[in-house]
Amino acid sequence: MSPGIMVVGGFIRERASAAVSGDGQAALTQLWQQRWSGCPPVGYKLRDPYRSVWIRFHSLPESKRYAEDESEYTVVLERYNSVLDELFAGADVYVMTPLWTTEAEVPSRQAVTGYWQSLLVEDDPDPDFRTYCHLFAARRPWRRGCIDELLRDIADDKVAGVLITDTRMQRIHHPYDGGADVFLATSEERDRMRDRHADWLSRHPSGL
């Protein structure tokens with residue numbers, strides 16, 4: 001974990017980077033609408049509308065889902081960081097972290113900065129079964145290993161729904177427990193990345 005970032009309750013809090021606020025919220029929303037208008041910024045919903053630029057990589061050999069020892073965590077983090085480096089090395093990124101609730105109001109959490117927007121993800125006549133996603137975003141320089149603590153929590157299914165994107169939102173990395181969904185700028189770019197990491201692909205015809 002870099003000295004400029006820490007994880008608080010599953011969120012990223014930036015000490016050296018810029019949290020999104022005010023005009024930045026509107027600019028971020030506009031960027032998303034320009035590039036990914038077919039879907040809200042919810043990782044598991046992106047795959048179907050953007051399948052032509054999507055690729056999934058698994059985190060461990062033989063598609064094993066969870067690491068059991070430090071040697072396996074090393075593999076998990078190596079795969080995450082290798083792809084993130086290819087996508088974002090030398091650039092700034094937005095790291096978007098969600099809070100999932102059944103309430104439309106944003107919970108008051110003093111430790112969390114960078115509120116972006118709230119989404120009704122799953123509607124239901126019974127309010128107890130509605131799901132809201134409150135998104136927080138922070139801009140930071142990408143450095144290999146700078147979010148390893150967060151990635152490890154994702155790998156352990158302690159955090160879900162994180163999105164990492166370049167500042168023009170041309171590419172998205174969506175890590176989950178077991179791997180990562182990656183969305184590229186073009187299908188040709190997707191194919192090149194797929195071929196570079198063919199050993200990390202699912203054997204299932206769907207790519208899942």
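These notebook entries record what I looked up in the structure, which is a predicted model.

**Entry 1. Helix 2**

I began with helix 2, which covers residues 70-88. The helix holds 19 residues and extends 26 Å from its first C-alpha to its last. This is close to the 27 Å expected at 1.5 Å a residue. I then listed its buried residues and found Glu72, Tyr73, Val76, Leu77, Arg79, Tyr80, Asn81, Ser82, Val83, Leu84, Leu87 and Phe88. For reading such a list, I noted that an α-helix has 3.6 residues a turn, so residues three or four places apart point the same way. Just after the helix I found glycine 90, with a positive phi of about 80°.

**Entry 2. The largest nonpolar core**

I next asked which residues touch the most other members of the largest nonpolar core. They are Tyr80 and Val182, in a core of 29 residues. Two or more residues of this core come from each of strand 4, helix 2, strand 5, helix 3 and strand 10. Helix 2 gives the most, with eight residues. I set beside this the general tendency of nonpolar side chains in soluble globular proteins to be buried together.

**Entry 3. The cavity**

I looked for enclosed space. Rolling a probe the size of a water molecule over the atoms shows where empty space is left. How many cavities of 30 Å³ or more does a search of the whole structure find? The search returns one. The largest cavity has a volume of about 60 Å³.

I recorded its lining as Phe57, His58, Ser59, Arg79, Tyr80, Val83, His173, Gly179, Ala180 and Trp200. Sorted by class, these are five nonpolar, four polar and one charged residues. Strand 4 (54-58), helix 2 and strand 10 (179-183) each supply at least two of the lining residues. Helix 2 gives the most here, with three residues. Tyr80 therefore appears in two of my entries: in the lining of this cavity, and, with Val182, as a residue that touches the most other members of the core.

**Entry 4. Strand 5 and its partners**

I turned to strand 5, residues 92-101. Eight of its 10 residues are buried, and the strand is mostly covered. Strand 5 pairs with strand 7 (residues 131-141) in the antiparallel sense, over 10 bridges. Within that pairing, tryptophan 100 stands opposite cysteine 133. Strand 5 also runs antiparallel to strand 8, to which four bridges join it. On the strand 8 side, I found threonine 165 as the bridge partner of tyrosine 94, and leucine 163 as that of methionine 96.

**Entry 5. Strand 8 and the hairpin**

I then examined strand 8 (residues 163-166) residue by residue. Leu163 and Thr165 point one way, while Ile164 and Asp166 point the other way. Are these four residues buried or exposed? All are buried.

Strand 8 pairs with strand 9 (residues 172-176) over two bridges, in the antiparallel sense. Across this pairing, isoleucine 164 stands opposite histidine 173. His173 is also one of the residues that line the largest cavity. The two strands form a hairpin with five residues between them. In the turn I noted methionine 169, which has a positive phi of about 60°.

**Entry 6. Helix 3 and aspartate 157**

In helix 3 (148-155), I found Leu150, Leu151, Asp153, Ile154 and Ala155 buried. The helix is followed by aspartate 157, with a positive phi near 65°. Aspartate 157 lies in the loop between helix 3 and strand 8. I classed aspartate 157 as partly exposed because its relative accessible area is 44%.

**Entry 7. Two further loops**

Where is glutamate 62 placed? I found glutamate 62 in the loop between strand 4 and helix 2. Its phi is near 60°, a positive value in a residue other than glycine. The relative accessible area of glutamate 62 is 64%, so I entered this residue as exposed.

Threonine 113 is in the loop between strand 5 and strand 6 (115-122). With a relative accessible area of 35%, threonine 113 is partly exposed. I also checked its distance to alanine 138: the two are 25 residues apart in sequence and 8.2 Å apart in space, C-alpha to C-alpha.

How values were computed
Residues numbered from 1 in each chain as written. Predicted model: local features only at pLDDT ≥ 70, side-chain atom pairs only at ≥ 80, totals over all residues. Heavy atoms only, no water. Buried < 20%, exposed > 50% of the residue type's maximum accessible area, 1.4 Å probe, protein only. Pairing = 2+ DSSP bridges. 1 Å grid on protein atoms, 1.4 Å probe; cavity = no way out; pocket = protein on both sides within 12 Å on 5 of 7 lines; lining within 4 Å. Points joined across faces, edges and corners; volume = space filled by probe spheres on them. Nonpolar A, V, L, I, M, F, W, Y, C, P; charged D, E, K, R; others polar. Expected span 1.5 Å × (residues − 1). Core = buried A, V, L, I, M, F, W, Y, C linked by side-chain atoms within 4.5 Å.
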